[in-house]
Amino acid sequence: MKALMIGAVAALLASTAAQAQLKPEEMVEARQAGYQFMSWNMGKIKAQVVDGNEPFDQAKVAAAANVIAAIANSGMGALFSPDTTTAQLGEQTRLKPEFFDNLAEAGRLGKEFNTAANQLASVAQGGDQAAIKKAFGDVGATCKSCHDKFRAD
Ligand code: HEC
């Protein structure tokens, strides 16, 4: 009976691991989708607090900032494996192989991005547009510094 239960647990764990294990192409699709969705939400905040071509709506800005923070906090690092760069997948991806030669730097940039995204979500809870604009600029700068370093043109 005990052996049977252990066997059942092992089988369950194995099937969970199999589901979590994405193929390289699936990792690329998932991370690109995450970036695109963040980008769309960044655009909403920009329109309201930077360009001013949409009226400021604190609830909408907070919703957009929460999405960006949630994606940033989701553990996207798991979608980066060394067999998913331009070296293996060509034009399917823009991840430079250099990412894996500079993992400390990549981790530092990722962490800065996380901190900035959480800060934006935090200030977006209030209606201080100047503070939101500043935090938005800080997030954008962390997006850019990672792209400059690790995203192919
Ligand atoms: C830790 C590094 C890093 C950070 C931080 C980062 N990006 Fe990226 N981004 C990448 C890489 C690498 C790619 C290329 C992914 C691929 O093609 O597989 C990418 C791709 C993209 C794309 C193109 C997606 C597609 O469909 O090809 C957009 C849009 C984007 N990022 C927006 C953003 C925005 C907006 C932020 C900040 C809110 C951000 N990124 C933060 C590294 C980063």
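These are my notebook entries on a predicted model of a protein chain with a ligand.

**Entry 1: the whole chain**

I began with the overall fold. The protein chain has 6 helices and 0 strands. Reading along the sequence, I wrote the pattern down as α-α-α-α-α-α. I also looked up how much of the chain is buried: of its 153 residues, 29% are.

**Entry 2: the iron atom**

Next I went to the ligand, which contains an iron atom. Which residue of the protein gives a donor to this iron? I found a single one, His-147, through its atom NE2, at 2.1 Å. I then traced His-147 to its place in the chain, and it belongs to helix H6, which covers residues 129-150.

**Entry 3: around the ligand**

I widened my view from the iron to the ligand as a whole. How many residues are around the ligand? I noted 17, and those that come nearest are Gln-36, Thr-93, Cys-143, Cys-146 and His-147. So that I remember the mix, I sorted the shell by type: 8 residues are nonpolar, 6 are polar and 3 are charged.

I also asked where the ligand sits. My answer is the largest pocket. Two elements, helix H2 (24-50) and H6, give two or more residues each to the shell around the ligand.

**Entry 4: polar atoms by the ligand's oxygens**

Here I looked at side chains with an N or O atom by an oxygen atom of the ligand. I listed three of them:

- Gln-36 has a side-chain N or O atom 2.6 Å from a ligand oxygen.
- Thr-93 has a side-chain N or O atom 2.6 Å from an oxygen of the ligand.
- Arg-31 places a polar side-chain atom 2.8 Å from a ligand oxygen.

I was pleased to meet Gln-36 and Thr-93 again, as both are on my list of residues that come nearest to the ligand.

**Entry 5: three residues checked for exposure**

I then picked three residues to practise on. For this I needed the cut-offs: buried is under 20% relative accessible area, exposed is over 50%, and partly exposed is in between.

Ser-122 is in helix H5, residues 103-123. Its relative accessible area is 44%, so I call Ser-122 partly exposed. From Ser-122 to Ile-132 I counted 10 residues along the chain, and their C-alpha atoms are 9.1 Å apart.

Glu-54 is in a loop, the one between H2 and helix H3 (58-72). Because its relative accessibility is 41%, Glu-54 counts as partly exposed. Its C-alpha atom is 8.5 Å from that of Lys-44, with their positions 10 residues apart in sequence.

Asn-66 took me into helix H3. With 36% relative accessibility, Asn-66 counts as partly exposed. What is the C-alpha separation of Asn-66 and Ala-117, which are 51 residues apart along the chain? I wrote down 8.5 Å.

**Entry 6: to remember**

I will keep two things in mind for next time. The iron's single protein donor is His-147, and the ligand sits in the largest pocket.

Key: Residues are numbered from 1 along each chain as its sequence is written. This is a predicted model: local features need pLDDT of at least 70, side-chain atom pairs count only at pLDDT 80 or more; totals for chains, interfaces and linings use all residues. Side-chain values use heavy atoms; hydrogens and water are left out. Donors are N, O and S atoms within 2.8 Å of the metal (3.2 Å for Na, K and Ca); water is not among the atoms, so sites may look incomplete. Helices (H or I, at least four residues) and strands (E, at least two) are DSSP runs, numbered from the N terminus. A residue is near a molecule or strand if one of its heavy atoms lies within 4 Å of it. A polar contact is a pair of N or O atoms within 3.5 Å; within protein, one must be able to donate a hydrogen and the other to accept it, and residues adjacent in sequence count only if both atoms are side-chain atoms. On a 1 Å grid over the protein atoms alone, a cavity is a set of points where a 1.4 Å probe fits but cannot get out, and a pocket is an open set with protein on both sides within 12 Å along at least five of seven lines; lining residues have an atom within 4 Å of a point. A molecule sits in a cavity or pocket if more than half of its atoms lie within 2 Å of its grid points. Buried means under 20% relative accessible area, exposed over 50%, partly exposed in between (1.4 Å probe, protein chains only).
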